[in-house]
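Hi everyone, thanks for making time this morning. I'd like to walk you through one structure, starting with a few strands and then stepping back to the whole chain.

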Amino acid sequence: SNVGRLHRTAYHFQPKRHWINDPNGPMYYNGVYHLFYQYNPKGAVWGNIVWAHSVSTDLINWTPLDPTIFPSKPFDKYGCWSGSATVLPGNRPVILYTGIVDQNNTQVQNYAVPANLSDPYLREWVKPDNNPLIVPQAGENKTAFRDPTTAWLGRDGRWRILLGGKRKHRGVAFLYRSRDFLRWTKAKHPLHTAAGTGNWECPDFYPVPKQGSNGLDTSVLGPNVKHVLKVSLDVTRYEYYTLGSYDTDKDRYIPDDTSRDGWNGLRYDYGNFYASKSFFDHSKNRRILWGWANESDTAYDDMTKGWAGIQLIPRVITLDPNGKQLLQWPIPELESLRGENVHLSGQVLKKGDVVEVTGITAAQADVEVTFSFAASSLDLAEQFDPAWKTLDAQDVCGRRGSTVEGGLGPFGLLTLASENLEEYTPVFFRVFKAGYQHVVLMCSDARSSSLMDGLYTPSFAGFVDVDLTDKKLSLRSLIDHSVVESFGARGKTCISSRVYPTLAVSDKAHLYVFNNGTEAVKIETLDAWSMNRPRMN
Ligand code: DQQ
C-alpha cells in the first residue's frame, strides 16, 4: 500500500526487500566494514535463512553483495543461523555459524573462510569439508545450542568461544576451547549460567576498559578491564547484560553485585532491539554494537510492504564512569547525514505547552535536546508510589504516560506527530520522588502512535540512573519514518520503537516539544537536523 511504502526507513540499514533478522559476523577488515545478517531471500517472513552480506567504508553508505553463506551442505542443509567473525593472527578472517542439519532443528557449529583474501570485499566464502566443528553431545539440548561468539585468546594460547543454550530452564553460555580453531573441546563448566532465564540466544562477551572511552580487542585481559556478558532471552525477546569480572584461572565469569542476571537486569535497550552483536573497530579503537529491530505491524502488512526488519544505528559502547552500566551513543559518522538545522535555546515550557520545531523534515530527523529545571521543582516531583516497586518501568509508563499531569514531567518530544495530534509517539521523562531520592523514568510510548489497527504499541520505558545535581536531563532521538531510537542522559538508557503513523507520514509529520508537568522546564538547547538519505543497498 501507499502508506506501507512511506514506512520504509531512509538511513537505517535495510536491504531492498524481504525479511531480515540478526546482524551476523560484523567486522572491519582491510579498510572495509562488513555486515552479514539473517535473511530470507524468498519473502518478508522468517524462513530459508541465509547470511546476506553488505559492505561499507563508513558504516552509513552500504553496497549489497550476494549472500555469502547459504544452505548447500549436509551440515547446514536446513539453515545458516547466527554467528560471528574472528580475525586470526596473520589477518585471516574466519566465520563461525550455526548450521541446521535436519527438520527437527538440530544445531551444529560450522566455519567458513574467504575464498580469496585479495578480494577487497571478500565476496565468496568457502565451507571446508571438515565441518561441522562442533556437534551437540549426548544429553545436551540439540535445539538450544547455537550462535557462536567472536573468539578470544587465553594466556594459555587456546582460543575460546561461547555458544548460547539452556539446561531445562537455566540459561547457559557454553564454553569451548581450541588451539588450532578446528578441534574444539567443551569446557567442563560453562562460562556462566543463570537459573530461570530460559534459552540464551546470541551471547556476546567482551572487555571494556575501566578508564577511558576506547574499545578493546575481544582478547584483551587484565586488571584494567571489566567484562560484559550479553544474552538475548527468547522468552521475553529482550536482551540483558551484566558487567563483571572474568576469572581466567577458573575460566568463569562473575557478574558484579551491581548488575543482576535475569529480566530485571540492565538492558542495552528497553524497546525493540534484539540479537545484537558487537565488534572491535581497530581503525578507530572503539567497540561498536549492532542490533536488530523487527516490525511491530502484522505479518500481513509485511508481505504487503514486501520487507520486514531493520538494523538499528550502530552504537559506540563505553563504560559509564560510575562503573555500573554501559553508555551507548550513535556512531559519529551518522552526523555526516545531517542537513538543515534548527536551533532553539532558552524557551521555557510551562504546564501544557506544546511548541513545534519547524524547518526540518520531521519524519527523517536527528534531535538533541537538553532540558533544565529549578532545584525547587525537584522537591515538587510526584511521589513514586511504593506499590510500583514491584512493577517494571514499562508498567509505570503505561499507568502514567505522557498526558497524565505530573510535578516535574512528563516533558520531552512528540515525534512523528500529526498536525492535530491524532497521532504521536511521545519520548519523555517523568521525575519521581522516593524518600530523599529521585527516580527518573524515560518512556517511548507507542500507544498513541497510529490510527491503524492491529499494531503492537507498547509503552516502552526504562529507569535512568542519572545524577540530577546539575538539574538537567538530555535526550536524543533518531526519527526515521517507522522507527524512533532514543538515548536518554547521553546513552544511559536507550529505547527503540517501531511505529506506523497514517497521518504523520513524510512531509505531514511534525515534531513538538512538550511539558505536562506543573513545574516549568527550560529548553537549554535544542538542535534538530533533517537527515539526508545515504546509499542504502
Ligand atoms: N535468530 C537466529 C538464531 C538466533 C535467533 C535464527 C535470534 O541463530 O538464536 O534466525 O533472533
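Let's begin with β5 and β6, the latter covering residues 92–100: the two run antiparallel and are joined by 8 bridges. If you want a spot to click on, find A85, which sits opposite I95 of β6. This is a predicted model, by the way, so please keep that in mind throughout.

Which sheet do these strands belong to? An open one of 4 strands, in the order β5-β6-β7-β8, with antiparallel pairing. At its edges are β5, residues 80–88, and β8, residues 125–126, and each of these pairs on one side only. As a quick reminder, strands in a sheet pair through backbone hydrogen bonds, and they can do so parallel or antiparallel.

Now scroll along to a hairpin. Strand β17, residues 238–247, pairs with strand β18, residues 252–255, over 4 bridges in the antiparallel sense. D247 has R252 in β18 as its bridge partner. Between the two strands of this hairpin lie 4 residues, and D251 has a positive phi near 55°. For the torsion fans here, that's one to look up.

Next, a single residue: I310, in strand β22, which spans residues 310–311. Is I310 buried or exposed? Its relative accessibility is 0%, so I310 counts as buried, the cut-off being under 20%. Who surrounds I310? Leaving aside residues up to four places away in sequence, its contacts include F13, I20, W292, V483 and R498. I20 is a nice case: it lies 290 residues from I310 in sequence, yet the C-alpha atoms are 6.9 Å apart.

Let's zoom out. The protein chain has 4 helices and 38 strands. Its radius of gyration is 23 Å, close to the 24 Å from the globule rule for 537 residues, so the chain is as compact as a globular protein of that length. The C-alpha trace spans about 70 × 50 × 40 Å along the principal axes.

How much of the chain is buried? Of the 537 residues, 61% are. And among contacts with a separation of 6 or more, 63% link residues 24 or more positions apart.

Finally, the surface and the charges. The accessible surface is about 20,600 Å², with 49% of it belonging to carbon and sulfur atoms. There are 58 positive and 57 negative charges, and their mean positions are 6 Å apart.

That's my tour; I'm happy to rotate the model for anyone who wants another look.

Notes: Residues are numbered from 1 along each chain as its sequence is written. This is a predicted model: local features need pLDDT of at least 70, side-chain atom pairs count only at pLDDT 80 or more; totals for chains, interfaces and linings use all residues. Side-chain values use heavy atoms; hydrogens and water are left out. The radius of gyration is taken over C-alpha atoms; the globule rule is 2.2 Å times the number of residues to the power 0.38. Buried means under 20% relative accessible area, exposed over 50%, partly exposed in between (1.4 Å probe, protein chains only). Contact means heavy atoms within 4.5 Å. Accessible areas come from the Shrake-Rupley method with a 1.4 Å probe; for residues, only the protein chains shown count as cover. Lys and Arg count as positive and Asp and Glu as negative; His and the chain ends are not counted. The place of a charge is taken as NZ of Lys, CZ of Arg, CG of Asp or CD of Glu. Two strands pair if DSSP finds at least two bridges between them.
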